[in-house]
Amino acid sequence: MHQTTRTPEPADSNAAGRVADSAGNWVDTRAPQSWRPYLRLSRLDRPIGTWLLLLPCWWAIALAVLATNSFTAFDVWLIIGSAIGAALMRGAGCTWNDITDRHIDGSVARTRSRPIPSGAVTVKQALAWMIAQCLIALGILLTMPPAAIALGVAALIPVAIYPFAKRFTWWPQVFLGLAFNWGALLLWTAHTGSLGWPAVALYVAGISWTLFYDTIYAHQDTEDDALIGVKSTARLFGNNSPVWLRGFLVGTLLLLGLAVIGAALDRSVPSLLIALLGPWAMAWHLTWQLTQFRSDDTNILLKLFRSNRNAGLLPLPFFAIAFLA
């Protein structure tokens, strides 16, 4: 069995469990100390992952509203409920990831201080925390139509598989995309009552986007990953990453545009054109990221990865205006 070396807990208990890209956040400064390891397990000290899980949900709600030309109080609940659910399921997924990766995390400089490898939380405690988050999320899911509930339960499959993907494929980012964009299928179905092809196009667009931003993110760990044998698209692409990233950018633009056309095809021409500006705005942001990309600069890589919250928010105002047009 792989053994990891545990360093003594820092004298400053506020520092215990911090990782390189999460210092100086509300968990470190305001949360009760006994809760901090669990909040860090859920990555509530780093909300970018929740945003990346949530945004395909909001895209789906917006496009479903365009498709049905209907916005009700239930859609307001879907917007709020998906935000809470994204935080919970991202937390549960990250907890599961940390349980399965506890030995790997102990061998990587950026992650060896996470709660489980550092000893701040036991595996049993982490499992209990994961189950609690899933049960609360289930309560939200049960407010939705039966078809959406079925999709929500099915989402557990890619979530369960993802942490193991980097052990058997050079494309673990695909499995992350399958899990992180499931909300596109779920929330479209929650609004319309059934799954439609625009939601599938939206789902695949989200997967392409995930390949874009998570390849950027994975470049932070290429040296450690090579030493311990963990696979990633960043290692696979190497110096050719900008070429691949450009391809994922184009794929995201085209597929998101296709989803918009499918949702807004029966609307007025001005409404359709306004909605199509959303994918273009996002594509311009991704293009800017490409101009800034430096595979050997960790600070830039993290900055670009986090900027995808803004990239994913850009289409939403255009979708909202299109509904009013």
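Colleague: In this predicted model, how far apart are the mean positions of the positive and negative charges of the chain?

Modeller: The mean positions of the 23 positive and 17 negative charges are 2 Å apart. Lys and Arg were counted as positive, Asp and Glu as negative.

Colleague: What makes the chain as compact as a globular protein of its length?

Modeller: For 325 residues the globule rule gives 20 Å, and the radius of gyration of the chain is 20 Å, so the chain is as compact as a globular protein of that length. Its C-alpha trace spans about 65 × 45 × 35 Å along the principal axes, and the chain contains 19 helices and 0 strands.

Colleague: What share of the residues is called buried, and on what cut-off?

Modeller: A residue is buried when its relative accessible area is under 20%. Buried residues make up 52% of the 325 residues in the chain.

Colleague: Why is a set of residues called a nonpolar core?

Modeller: The set earns the name because its members are buried residues of the listed kinds, such as Leu, Phe and Trp, joined through side-chain atoms within 4.5 Å. The largest nonpolar core has 70 residues, and among those that touch the most other members are Trp59, Leu63 and Phe319. Helix H3 (residues 48–68) gives the most to this core, with 15 residues. Another core, of 7 residues, lies apart from it and includes Tyr38 and Trp129.

Colleague: Which residues is Leu63 in contact with, leaving aside its neighbours within four places in sequence?

Modeller: Leu63 is in contact with Trp188, Leu202, Ala259, Val260, Ala263 and Phe319.

Conventions. Residues are numbered from 1 along each chain as its sequence is written. This is a predicted model: local features need pLDDT of at least 70, side-chain atom pairs count only at pLDDT 80 or more; totals for chains, interfaces and linings use all residues. Side-chain values use heavy atoms; hydrogens and water are left out. Buried means under 20% relative accessible area, exposed over 50%, partly exposed in between (1.4 Å probe, protein chains only). Helices (H or I, at least four residues) and strands (E, at least two) are DSSP runs, numbered from the N terminus. Contact means heavy atoms within 4.5 Å. The radius of gyration is taken over C-alpha atoms; the globule rule is 2.2 Å times the number of residues to the power 0.38. The place of a charge is taken as NZ of Lys, CZ of Arg, CG of Asp or CD of Glu.
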